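The following exercises are meant to be worked through with the coordinates open, moving from the chain as a whole to its helix packing, its sheet and one loop residue. Please try each task before reading the solution beneath it.

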Amino acid sequence: MVVSNEPLSTGSTYGGSSIGAGETHAAAGPDTDVIATSAVSVDETRALVEPKTPDLSVFGPDIVAKAAQQIATYPESRSALLPMLHLVQSVEGYVSQAGIQFCANQLSLSTAEVSAVVTFYTMYKRKPCGEHLVSVCTNTLCAMLGGDAIYERLTQHLSDDGTPLKHEDTAGTPGEPGSITIEHAECLAACDLGPVLQVNYEFYDNQTVDTAVSLVDALRRGEKPAPTRGAPLTDLKTVELELAGFYPEDEAEFRTMVDGPSAAVETLRGAQLAADRGWTAPAMPEKAPELPEVEKK
Ligand code: FES
């Protein structure tokens with residue numbers, strides 16, 4: 001059976017029946033393989049097939065200038081796509097259809113090419129995010145040490161109505177102070193400090209269910225508890241601007257934003273043990289061994 005909502009504004013022949021202007025296929029004859037739905041005009045059909053051009057006014061001259069700066073950093077303009085997506089995320093808190101169109105316009109790419117990148121990387125969000133993004137590591141080691149329990153508890157604790165939040169759901173109104181988007185994350189490269197979580201990509205190490213709940217409660221109250229390591233906590237949009245490559249020019253202000261404790265005692269433990277015991281890595285041979293012949297196929 002053919003279901004047709006094709007516009008029938010001109011006479012045509014379909015299934016052996018002549019169809020006149022204004023008729024539907026069903027009205028055109030006894031062909032029971034064709035049924036009419038509704039007559040849709042050409043303009044209506046076009047509106048369905050061609051998405052509306054998104055409103056790009058949210059990306060003002062300052063953002064266009066920043067995009068130009070990013071493009072100038074690379075020999076090929078398309079190489080600026082990854083930081084440019086962070087730039088648009090710093091404006092809207094996610095990569096909207098307008099953000100995709102903006103990047104495509106700046107880089108002479110198709111929206112399909114930009115979309116392919118956006119949907120590949122998990123740091124690009126397709127839904128508006130909260131003031132803060134809380135990422136709980138639920139990869140194997142953290143999960144076994146309590147990461148699964150932390151994630152489960154936070155998704156319940158942040159819920160308004162008792163229904164646990166899902167991956168990338170937001171508690172509160174996205175973008176508003178105190179709003180939190182929660183996600184589970186793959187290994188955050190801090191397995192020696194698990195279970196870990198991040199807020200706007202800053203680390204909170206050695207978490208428990210209770211410390212994680214206290215942390216999100218503080219965020220909802222508008223506080224910014226100091227991360228265990230790394231830069232002081234800000235908010236997701238500010239971090240996105242940093243990921244796009246933009247920092248304050250004033251050195252003191254810049255230092256305030258990025259300086260913080262870095263290496264953890266746990267991470268350095270192996271190097272410390274080796275130093276205490278005089279262990280060293282074997283020296284490299286003066287002449288590198290010949291590589292084996294690769295068998296030709
Ligand atoms: S498993 Fe969580 S940081 Fe590696």
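The exercises below refer to the model shown above, which is a predicted one.

**Exercise 1. The chain as a whole**

Determine how many helices and strands the protein chain has, and what percentage of its residues count as buried.

Solution. Counting the secondary structure elements gives ten helices and nine strands in the protein chain. Turning to burial, 29% of the 297 residues of the chain count as buried. As a last step, consider the contacts with a separation of 6 or more: residues 24 or more positions apart account for 61% of these.

**Exercise 2. Three helix pairs that share helix 3**

Describe how helix 3 packs against helix 2, helix 4 and helix 8, giving the orientation, the handedness and the residues of each contact.

Solution. Two packed helices are described by the angle between their axes and the distance between the axes.

Step 1, helix 2. Helix 2 (residues 61-72) packs with helix 3 at an angle of about 165 degrees, and the two axes are 10 Å apart. Angles over 145 degrees count as roughly antiparallel, and helix 2 and helix 3 are therefore roughly antiparallel to each other. The crossing of helix 2 past helix 3 is right-handed. On the side of helix 2 the contact involves Ile63, Lys66, Ala67 and Gln70, which meet Pro83, Met84, Leu87 and Val91 in helix 3. Sorted by class, the contact of helix 2 with helix 3 comprises six nonpolar residues, one polar and one charged.

Step 2, helix 4. The axes of helix 3 and helix 4 (residues 97-107) come within 10 Å, with a crossing angle of roughly 140 degrees. That angle makes helix 3 oblique to helix 4, and their crossing is right-handed. Helix 3 contributes Leu81, Met84, Leu85, Val88 and Glu92 to this contact, while helix 4 contributes Gly99, Phe102, Cys103, Gln106 and Leu107. By class, the contact of helix 3 with helix 4 has seven nonpolar residues, two polar and one charged.

Step 3, helix 8. The axes of helix 3 (residues 81-92) and helix 8 (residues 236-243) come within 8 Å and cross at roughly 160 degrees. Helix 3 and helix 8 are therefore roughly antiparallel to each other, and helix 3 passes helix 8 in a left-handed crossing. Here His86, Gln89 and Ser90 of helix 3 meet Lys237, Glu240, Leu241 and Leu243 of helix 8. The residues of the contact of helix 3 with helix 8 fall into two nonpolar, three polar and two charged.

**Exercise 3. The five-stranded sheet**

Work out which strands stand at the edges of the open sheet of five strands, and then trace the strand pairs and the helices that pack on the sheet.

Solution. Strands of a sheet pair through backbone hydrogen bonds, either parallel or antiparallel.

Step 1, order. The five strands are arranged in the order 6-7-5-8-9, with mixed pairing. Strand 6 (169-171) and strand 9 (202-204) are the edge strands, each with a single partner, so one side of each is left without a neighbour in the sheet. From one strand to the next, the twist averages 30 degrees.

Step 2, pairs. Strand 6 pairs with strand 7 in the antiparallel sense over three bridges, and the bridge partner of aspartate 169 in strand 7 is isoleucine 182. Strand 5 and strand 7 pair in the parallel sense over six bridges, with valine 136 opposite histidine 184 of strand 7. Strand 7 is also mostly covered, since five of its six residues are buried. Strand 8 (residues 197-199) pairs with strand 9 in the antiparallel sense over three bridges, where leucine 197 has tyrosine 204 in strand 9 as its bridge partner.

Step 3, covering helices. Helix 6 (residues 140-157) lies across strand 5 (132-137), strand 7 (180-185) and strand 8, and runs at about 140 degrees to strand 5. Helix 7 (residues 209-220) packs on the sheet as well, touching strand 5, strand 7, strand 8 and strand 9, and its direction makes about 150 degrees with that of strand 7.

**Exercise 4. A residue in a loop**

Locate alanine 231 and classify its burial.

Solution. Alanine 231 is found in the loop between helix 7 and helix 8. There are 19 other C-beta atoms within 10 Å of alanine 231; a residue counts as buried at 20 or more and as exposed at 12 or fewer, so alanine 231 is partly exposed. Leaving aside neighbours within four places in sequence, alanine 231 is in contact with Glu202, Met257, Val258, Asp259 and Gly260. Its C-alpha atom is separated by 9.1 Å from that of phenylalanine 203, 28 residues apart along the chain.

Notes. Residues are numbered from 1 along each chain as its sequence is written. This is a predicted model: local features need pLDDT of at least 70, side-chain atom pairs count only at pLDDT 80 or more; totals for chains, interfaces and linings use all residues. Axes are lines fitted to C-alpha atoms, for helices over the stretch in contact, and angles run from 0 to 180 degrees between N-to-C directions. Helices (H or I, at least four residues) and strands (E, at least two) are DSSP runs, numbered from the N terminus. Angles under 35 degrees count as roughly parallel, over 145 as roughly antiparallel, 65 to 115 as roughly perpendicular and the rest as oblique. A crossing is left-handed if the near helix is turned anticlockwise from the far one by less than a right angle, and right-handed if clockwise. Two residues are in contact if their C-beta atoms, placed from the backbone, lie within 7 Å. Ala, Val, Leu, Ile, Met, Phe, Trp, Tyr, Cys and Pro count as nonpolar, Asp, Glu, Lys and Arg as charged, and the others, Gly among them, as polar. Two strands pair if DSSP finds at least two bridges between them.
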